[in-house]
Amino acid sequence: MEPYRVFISSIMNRSTEDLLAEREAARAAVEHFAPLTVPWAFEAEPASPKPLLDVYICAAKTSDLFVLIVGQRITQPVKDEYDTARDHGKPMLLFAKGVASREPEAEQ
């Protein structure tokens, strides 16, 4: 039986918004259920010759569950991952970090 693959999505650029602790917590939660589940998080993947967007999109398409962590804002790559998972009917867990304010796109 193949493990249930969980895609973890959020902003990765700490200068845009620091969600590193939240990503690590999500990854640890998924790893807790190994070997039944396996996380897919960009920072844990080996280098690839493919364009970054292709790597993200392919992983979102082939995941079994999509986890999105949102703070104050959302970037286009994260939106593309979300749209791909939604368009492919992936089950989703969406987490909104408690922040003072959220940009309209992130609120949506």
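Why are R27 and E31 separated by about one helical turn? The two residues lie four places apart in helix α1, and that spacing is why about one helical turn lies between them. In this predicted model, the side chains of R27 and E31 meet in a salt bridge, with 3.4 Å from N to O. R27 has a relative accessible area of 27% and is therefore partly exposed. E31, at 40% relative accessibility, counts as partly exposed too.

This pair offers a friendly way into the charged contacts of the chain. Side chains of opposite charge can pair when their charged atoms come close. The count of salt bridges comes to eight. One of them joins E22 to K97, whose closest N and O atoms are 3.1 Å apart. This pair links distant parts of the chain, for E22 belongs to helix α1 while K97 sits in the loop between β4 (92-96) and α4 (104-107), 75 residues apart. E22 is partly exposed, with a relative accessible area of 23%, and K97 is partly exposed at 28%.

A further salt bridge is formed by D87 and R86, with 3.1 Å between the closest N and O atoms. D87 has a relative accessible area of 56%, which is over the 50% cut-off, so D87 is exposed. R86 counts as partly exposed at 43% relative accessibility. Through salt bridges that share partners, K79, D83, R86 and D87 are joined into one network.

Attention now turns to the interior. The largest nonpolar core has 15 residues, and those with the most contacts inside it are F7, W40, F66, L68 and V78. Two or more residues are given to this core by each of α2 (52-62), β3 (65-70) and α3. Helix α2 provides the largest share, with four residues. Another core, of seven residues, lies apart from it and has I8, A26, V30 and I69 among its members. Returning to L68 of the largest core, its contacts beyond neighbours within four places in sequence are S9, V78, Y82, L93, L94 and F95.

S9 itself is worth a visit. This residue is found in strand β1 (residues 4-9). Its relative accessibility is 0%, under the 20% cut-off, so S9 counts as buried. The side chain of S9 is joined to that of E81 by a polar contact of 2.4 Å. With neighbours within four places in sequence left aside, S9 is in contact with R23, F66, V67, L68, I69, V78 and E81.

The outside of the model has nonpolar features as well. M1, F33 and L36 make a nonpolar surface patch of about 430 Å². Within this patch, F33 comes from the loop between α1 (20-32) and β2 (37-40). F33 has a relative accessibility of 51%, just the value that makes this residue count as exposed, because the cut-off is over 50%.

A last stop is P77, placed in helix α3 (residues 76-87). At 35% relative accessibility, P77 counts as partly exposed. The C-alpha atom of P77 is separated by 24 Å from that of E31, a residue 46 places away along the chain. E31 is the residue that meets R27 in the salt bridge described at the start.

Key:
Residues numbered from 1 in each chain as written. Predicted model: local features only at pLDDT ≥ 70, side-chain atom pairs only at ≥ 80, totals over all residues. Heavy atoms only, no water. Buried < 20%, exposed > 50% of the residue type's maximum accessible area, 1.4 Å probe, protein only. Core = buried A, V, L, I, M, F, W, Y, C linked by side-chain atoms within 4.5 Å. Contact = heavy atoms within 4.5 Å. Polar contact = N/O pair within 3.5 Å; in protein donor to acceptor, adjacent residues only side chain to side chain. Patch = residues over 30% accessible without salt bridge, like charges linked within 9 Å, V, L, I, M, F, W, Y side chains within 5 Å. Areas by Shrake-Rupley, 256 points an atom, 1.4 Å probe, with all protein chains shown as cover. Salt bridge = Lys/Arg side-chain N within 4 Å of Asp/Glu carboxyl O.
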